[in-house]
Amino acid sequence: YNEFDAIWSSSLTESLIRGKPDNQAVELTTRIEALSETVEVSKKPIIFDADNGGDLHLLKFKIRAMENIGISAICIEDKVGVKVNSLDSDQSKTKQSSISVFQKKIKEIKKSRTSEDFLIIARVESLILGKGQKDALKRAENYSKAGADAILIHSKNKNADEIIEFSKKFKKSKFYKPLVCVPSTYSKTYEKKLINNDFKIIIYANQLLRASYKVILQTAASILKNERSFEIEKKIIPIKEIIKLG
């Protein structure tokens, strides 16, 4: 049967399951330590969503911890200051890092990792912030020169046109690196189209969280309304199946 190829360690998901906002309220170290339990039960590669990577001078310790527990890649985004989720409609308070500062973070990760198999994914937020293709391409090339192994070009458009346009332009660059995308808003786009336009990694970043939250709300509401769980039993996994998961 079909399986996902890897696990995306989402900052959004890991914040919300703790009842905290997705603004780096949950420390990277806390999230890294929690993943040590995940690697005990799964052999899938883990891509760690590290937001902007945090303090440059502390990055080497985080990279060491990630490699030690078996995380396969880190993804850092070129934003600074208090985090605003990229899919939030109001990006007025979002500030993008200077290219030189973000390059220093990439170089620090490259210097700190002990294996080249630990991948560095640089996430470009230019299209999210309305800065256009030119800015996105300039940043992607500079992040590539600094040592990024892949480029995540992010978009919140309802179709994949602008990231495909980016892909075609970036493919012509001598600094081209494999591309990553996150089709949260352009969910009608089939994987085949993205793959045919040179996207090597496609991340479904939040769908499982959204699905589980909806069912949890429905289940709780049903129990409270009916004062018993019978009415919801057919819509949730049987106890016999759930106890086999351990």
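Is Phe170 buried or exposed, and what is its relative accessible area? Select Phe170 and have a look: this residue is buried, with a relative accessible area of 0%. Here buried means under 20% relative accessible area, exposed means over 50%, and partly exposed lies in between, using a 1.4 Å probe and protein chains only.

Before moving on, some ground rules. You are looking at a predicted model, where local features need pLDDT of at least 70, side-chain atom pairs count only at pLDDT 80 or more, and totals for chains, interfaces and linings use all residues. Residues are numbered from 1 along each chain as its sequence is written, and side-chain values use heavy atoms, with hydrogens and water left out.

**Stop one: the aromatic rings**

Keep Phe170 selected and add Tyr176, which counts as partly exposed at 22% relative accessibility. Their rings form a tilted pair, 5.3 Å centre to centre with 50 degrees between the planes. Rings of Phe, Tyr and Trp (its six-membered ring) pair if their centres lie within 6.5 Å; planes under 30 degrees apart are stacked, over 60 edge-to-face, and the rest tilted. Now add Phe166, and you have one aromatic cluster made of Phe166, Phe170 and Tyr176. The whole structure holds 4 aromatic pairs.

Next, show Lys171: it lies over the face of Tyr176, 5.8 Å from the ring centre. Then go to Lys145, whose charged end sits over the ring of Phe175, 5.1 Å from its centre. For such a contact, NZ of Lys or CZ of Arg must be within 6 Å of the ring centre and within 35 degrees of the ring normal.

**Stop two: the strands**

Select strand β2, residues 46-49. Helices (H or I, at least four residues) and strands (E, at least two) are DSSP runs, numbered from the N terminus. Ile46 and Phe48 on one side of β2, and Ile47 and Asp49 on the other, are all buried.

Add β1 (residues 7-9), which pairs with β2 in the parallel sense over 3 bridges; pairing takes at least two DSSP bridges between two strands. Trp8 stands opposite Ile47. Now show β3 (residues 73-77), parallel to β2 and joined to it by 3 bridges. Here Phe48 stands opposite Ile74.

**Last stop: the cysteines**

Which cysteine sulfur is closest to that of Cys75? It belongs to Cys181, 12 Å away and too far for a bond. Cys75 is buried at 1% relative accessible area, and Cys181 is buried at 0%. With a disulfide defined as a pair of cysteine sulfur atoms within 2.5 Å, the count comes to 0.
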